[in-house]
Amino acid sequence: MIKPHLVPRFRVGFRFQWEPAQNAYVLLYPEGMVRLNGSAGAILSEVDGERSVAEMVQRLEERYPDAGPLSDDVMGFLGEARENGWIDLI
């Protein structure tokens, strides 16, 4: 379970960036690349190794006010990202 006070950071070897050729955010790692959809890109764009999950949710809700409460969606995605080995939570 993802807790709001935890701070996500990308695991060693993973790099998040905008890829013009894909017209999307991607997550690069030694074995390949993951092309992210818009929501996943928005969430991972908030990962800086300093912001807590709660701070990320707050910023995303400010950026996308029409989306409504985002806590469950953000925590659910971050749980999947952790299971996939993309991020650590500290």
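The exercises below, each with a worked solution, concern a predicted model.

Residues are numbered from 1 along each chain as its sequence is written, and side-chain values use heavy atoms, with hydrogens and water left out. Because the model is predicted, local features need pLDDT of at least 70 and side-chain atom pairs count only at pLDDT 80 or more, whereas totals for chains, interfaces and linings use all residues.

**Exercise 1. The sheet**

Determine in which order the strands of the open sheet are arranged, and which strands stand at its edges.

Step 1. Strands are DSSP runs of E with at least two residues, helices are runs of H or I with at least four, and both are numbered from the N terminus. Two strands pair if DSSP finds at least two bridges between them.

Step 2. Strand β2 (residues 15–19) and strand β3 (residues 24–29) are antiparallel and share 5 bridges, while β3 and β4, likewise antiparallel, are joined by 4 bridges.

Step 3. The 3 strands therefore form an open sheet in the order β2-β3-β4, with antiparallel pairing. β2 and β4 (32–35) each have a single partner strand and stand at the edges, so one side of each is left without a neighbour in the sheet.

Step 4. On average, neighbouring strands of this sheet are turned by 30° against each other, direction ignored; the axes behind such angles are lines fitted to C-alpha atoms, for helices over the stretch in contact, and angles run from 0 to 180 degrees between N-to-C directions.

**Exercise 2. The two hairpins**

Work out how many residues lie between the strands of the β2 and β3 hairpin, and which residue there takes a positive phi.

Step 1. Begin with the bridge partners: glutamate 19 is matched with alanine 24 of β3, tryptophan 18 with tyrosine 25, and glutamine 17 with valine 26.

Step 2. Between the two strands of this hairpin there are 4 residues, and asparagine 23 takes a positive phi near 55°, although asparagine 23 is not a glycine.

Step 3. Asparagine 23 belongs to the loop between β2 and β3 and, at 57% relative accessibility, counts as exposed; exposed means over 50% relative accessible area, buried under 20%, and partly exposed in between, with a 1.4 Å probe and protein chains only.

Step 4. The hairpin that joins β3 to β4 does so through 2 residues.

**Exercise 3. Valine 26**

Decide whether valine 26 is buried or exposed, and list the residues it contacts beyond its sequence neighbours.

Step 1. Valine 26 lies in strand β3, where it is the partner of glutamine 17 and also stands opposite arginine 35 in β4.

Step 2. With 0% relative accessibility, valine 26 counts as buried.

Step 3. Contact means heavy atoms within 4.5 Å. Setting aside neighbours within four places in sequence, valine 26 is in contact with Arg15, Phe16, Gln17, Glu19, Met33, Val34, Arg35 and Leu36.

Step 4. For one of these residues, phenylalanine 16, the C-alpha to C-alpha separation from valine 26 is 5.9 Å, at 10 residues apart in sequence.

**Exercise 4. Helix α2 and its surroundings**

Establish which residues of helix α2 are buried, why they line one face of the helix, and at what angle the axes of α2 and α3 cross.

Step 1. In helix α2 (residues 53–63), the buried residues are Val53, Met56, Val57 and Leu60. Seen down the axis of α2, these buried residues fall within an arc of 100°, so they line one face of the helix; the arc is that of the directions from the helix axis to the C-beta atoms.

Step 2. Their cover includes β1 (8–10), α1 (38–44), α3 (71–83) and β5 (87–89).

Step 3. The axes of α2 and α3 come within 10 Å and cross at roughly 130°. That makes α2 oblique to α3, given that angles under 35 degrees count as roughly parallel, over 145 as roughly antiparallel, 65 to 115 as roughly perpendicular and the rest as oblique.

Step 4. The crossing is right-handed, which applies if the near helix is turned clockwise from the far one by less than a right angle, whereas anticlockwise would be left-handed.

Step 5. At this meeting, Val53, Met56, Val57, Leu60 and Glu61 in α2 face Ser71, Val74, Met75 and Leu78 in α3 as contacts.
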